[in-house]
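Please examine the sequence and the structure shown below. The questions concern how two chains meet and how nonpolar residues are arranged.

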Amino acid sequence: MRIILIASLLIALCGGGLYLVKTSVDSRYDELARLKREIQLEKKNTLVLEAEWAYLSRPDRIQTLSSGLLAMQPITKDRILPLQAIPMRPGTSISKDEGASGGDGPNVLEASQQPKVPSLSVTVPKARPVALTGGAR
Amino acid sequence: MPRQPANISKRPWLLSLIWPARPEPAKSWKIARGRLAFAAFFACLCFGGIGAQALQLAVFSENAKSYQKPQSVAERGLIVDRRGRLLASTLPVMVLHADPKQLLNPRRVANSLAPLISDKSADDIYKLLGKNTRYVELDRKITPRRHAEILQLGLPGVFVSPSSTRLYPQGQEAAHLLGAVDVDGKGIAGIEAGMNDALARGETVQLSIDLGLQAILRREISSQIERFEAIAGAGLILDMKNGEILAMASLPDFDPNHLMRSTDKARFNQAAKGVFEMGSIFKILNTAIALETGAVQIKDRIDVAKPIRISRFAIRDYHPFKRALNISEILVHSSNIGSAHMADKIGPQTQRAFMDKLQLLQPSNLEIPENARPLVPQNWGRIASLTISFGHGLSVSPVQAAAAISAAAGDGFYIEPTLIKRSTDAPLTRSRIFSPETARAVRSMMRLVVAHPSGTGNFAEAKGYLVGGKTGTAEKIKAKGYDRKANRVSFVGTFPAHDPRYLIFAMVDEPKGQKFSYGYATAGWVTAPIVKRVVEQAAPLLGVHPIAEMSPEMRLNLLPEVIIDGEEAVYASF
């Protein structure tokens, strides 16, 4: 009699436990489905954005924009130099310069000393070595 | 039994509840029944409750599952260029459709939908809605805002359902290569058809094409077509070291997003599907074969004063020379007579064998359906062999010509061209056709075509990049034989000439002489400048450095002792 009682109690407990597990599994499935839907949606959004980016960055558009807004030209031969062609700065002066500017404290650059940036004229960048290996196949 | 009650009283109250002492037999029977009834009732309640709950859950979850539709089958894969830039993508769109049987008032529906559908008037829609069917498609691509507005109208019988469409964000760039898909999303041309299986599985296909180079090549060919009032053009850039096609253009072209608005002519991929008599650029192959077989030596001289007469044909030179030319001069001055004499020494059998090894006698093997079958002469006798030596009588596609010339002008290996990016660790199959010495001689001569003042390709000289090349001007075949006025001009260039890495091919169809070109519409005027401008713009992108004047490596890789017009040749003219 006691054994039956205990067994039935155990069964009831198991049933209750099973029920709890099942409901929690169900709610996790729901969560999973929701996340999957979300991922799907995000993927779709990414696709749309990627396509939009590709459309906006297509070469002929960039070409049109650049020829209208920037005075850029194909890099000519005389603008490309091997790294060795650039003379090194005299070795000692580098450390001295740095030491000097460091010692002068934070308020070195006063308004009068600040480089004047012309507001309207276009500053032409100086010819400088172009990294030839970066991005090259 | 006096001990019993004492025992009961001894036990603690809580323990007696869980583990009661044995009662009197008469009483215990009653208690047992009561307990049994209680236990049975409780068990029934529990199991009944759980069972009911389980049943309800099972039924309910069946329903719940039906809400989670299985996700749609794999979307068609992307096509990207070698740097991962998007060339073709599949986008979700909304399709607006209606069921005419469910409409209450078709006239009103048509009127209210008309302002929301861009390319149909109210009458068009009304006509569509009057059809005796259950499905009428009104618009394939509606924007989210339109979608919301249509939902706001709340028209019964009008539906919006999700679908997808193939999008080519780069428009006309690389249109022929990419091809197109039909309404069911199945590839019908280009890579879309050639790689349909992989794309249908949702895989991303990475091409060997570089979108930047593609844009440069297309723009330059297109501008030259305009300048010379030509009717068409084609071109490609080939990586000679591994056979990857970096750019491939055919003009006129079309927008694959609006395939139906294009003409058949625009949809034709001339670079891969068109076969042409390549003209003088075949002299590169002829020279290479002659040197390789030992039919001629580099210092041999051939008399080109007299035209060759063979049956009813006469082989003449565009610029006749009244003297003997050496092998380099024959290529630099593009002498048909000299080339024909060389072919005579090679012999038709050997020539055919080499053309076969260079894959010029069977269709190319690109990953697109548009692979042209070359036009090979039925009877490869002496006449055929003489004309083929200067590029007539054998019609091949530009892709085939480029791959063959890459073997002669590069390192002597034939490498099958491809449109799919090769992985760096995959072994490269290449077959040696020409010896390194032959290749060295050929690239030296090609450099002189561009660098020497009397060469035909001077306009291809992109200073610093050592372009080597060869012009080709072929008369087009019209109704009766060749048409002297209608030419197809081409140029094949390689750079840097001392160790060729990239090959550029450009072809323009029927250019007309212009004032600025003094009436000329030859390859030297029309196509050589294309190669120059492409090299100037592409070299920095490809990481090719400008070469120092007469650097040691250049001396090592080009022949020093070539004599042109009685003087030792100079490869660089900075």
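The following questions and answers treat the interface and then the cores.

This is a predicted model, in which local features need pLDDT of at least 70 and side-chain atom pairs count only at pLDDT 80 or more, while totals for chains, interfaces and linings use all residues. Residues are numbered from 1 along each chain as its sequence is written, chains are lettered from A and ligands numbered from 1 in the order in which they are written, and side-chain values use heavy atoms, without hydrogens and water.

Q: How many residues of chain B are in contact with chain A?
A: Contact means heavy atoms within 4.5 Å. On the side of chain A, 33 residues take part, and on the side of chain B the number is 44.

Q: Which element gives the most residues to the side of chain B that touches chain A?
A: Helices (H or I, at least four residues) and strands (E, at least two) are DSSP runs, numbered from the N terminus. Those of chain B that give two or more residues to this side are strand E2 (86-98), helix H10 (211-227), helix H20 (528-542) and helix H3 (25-67). With seven residues, the element that gives the most is H3(B).

Q: Which helix gives the most to the largest nonpolar core?
A: A nonpolar core is a set of buried (under 20% relative accessible area, 1.4 Å probe, protein chains only) Ala, Val, Leu, Ile, Met, Phe, Trp, Tyr and Cys residues joined through side-chain atoms within 4.5 Å. The largest has 92 residues, and B:Leu207 and B:Phe434 are among those with the most contacts inside it. Nine of its residues come from the helix that gives the most, H17 (residues 398-409) of chain B.

Notes:
Buried < 20%, exposed > 50% of the residue type's maximum accessible area, 1.4 Å probe, protein only.
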